[in-house]
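Reader: I would like to work through a protein structure step by step. Could the discussion proceed by question and answer?

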Amino acid sequence: MAVVEKDEVIQGLLKEELQRCLAALAALESKLAAFPKGALNVRKKTQQGKQYTYHYLVHREAGRVVNRHVPGAELPTLRKQLAERDKCRKEAQAYKRRAAYLEKLLGGQRRGVAWRIP
């Protein structure tokens with residue numbers, strides 16, 4: 001952008017904002033790593049006229065789908081963790097879009113920065 005290239009003050013502000021966004025992304029990525037991956041799946045089985053409900057956490061490990069049974073006592077905690085993880089992912093995606101926009105304004109000076117969202 002012509003204004004950014006000419007005005008050093010604006011360019012400095014944009015660089016500071018980009019650094020802040022990248023720092024926030026790094027913090028969110030470390031926070032996301034602490035949460036369990038996957039989605040909660042419910043299976044219902046009928047046996048001898050009774051219906052049983054089983055909860056599973058479904059995720060991928062090394063290209064394979066893994067189903068892990070979740071006991072009923074762990075279910076509320078796991079639901080809270082998955083909701084918090086989704087919230088963090090959305091926030092990280094917003095920071096990623098903002099950082100990409102700032103890079104574009106600055107002329108793409110930081111291409112190739114690795115900030116993928118898990």
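**Salt bridges and burial**

Author: Arg98 has a relative accessible area of 43% and is therefore partly exposed. The model under discussion is predicted.

Reader: With which residue does the side chain of Arg98 meet in a salt bridge?
Author: A salt bridge requires a side-chain nitrogen of Lys or Arg within 4 Å of a carboxyl oxygen of Asp or Glu. The nitrogen of Arg98 satisfies this at 2.9 Å, N to O, and the partner is Glu17. The pair links distant parts of the chain, since Arg98 lies in helix 3 (residues 75-105) and, 81 residues apart from it, in helix 2, lies Glu17.

Reader: Is Glu17 buried or exposed?
Author: The cut-off for a buried residue is under 20% relative accessible area. Glu17 has 19% relative accessibility, so Glu17 counts as buried.

Reader: Which residues are linked with Glu17 in a network of salt bridges?
Author: The salt bridge between Glu17 and Arg98 belongs to a network. Glu17 is linked there with Arg20 and Arg98.

Reader: How many salt bridges does a search of the whole structure find?
Author: Among them is the pair Lys31 and Glu84, whose side chains meet at 3.5 Å, N to O. This pair joins helix 2 to helix 3, with the two residues 53 residues apart. Another is formed by Glu74 and Arg68 at 3.9 Å, N to O. The search of the whole structure finds 4 salt bridges.

Reader: What is the relative accessible area of Glu84, the partner of Lys31?
Author: Lys31 is partly exposed, because its relative accessible area is 38%. Glu84 is also partly exposed, and its relative accessible area is 27%.

Reader: How far apart are the end C-alpha atoms of helix 2?
Author: Helix 2 covers residues 8-34, which makes 27 residues. At 1.5 Å a residue, the helix should therefore span 39 Å. The distance in the model agrees with this expectation: the end C-alpha atoms are 40 Å apart.

Reader: In which strand is His55 found, and is His55 buried or exposed?
Author: His55 is found in strand 2 (residues 50-61). Its relative accessible area is 16%, so His55 is buried.

Reader: Which residues are in contact with His55, leaving aside its neighbours within four places in sequence?
Author: Contact means that heavy atoms lie within 4.5 Å. One of the residues in contact with His55 is Arg68, whose side chain also meets that of Glu74 in a salt bridge. The full list for His55 is Leu40, Asn41, Val42, Arg68, His69, Val70, Leu75 and Arg79.

Definitions and conventions. Residues are numbered from 1 along each chain as its sequence is written. This is a predicted model: local features need pLDDT of at least 70, side-chain atom pairs count only at pLDDT 80 or more; totals for chains, interfaces and linings use all residues. Side-chain values use heavy atoms; hydrogens and water are left out. Helices (H or I, at least four residues) and strands (E, at least two) are DSSP runs, numbered from the N terminus. The expected span of a helix is 1.5 Å times one less than its number of residues. Buried means under 20% relative accessible area, exposed over 50%, partly exposed in between (1.4 Å probe, protein chains only).
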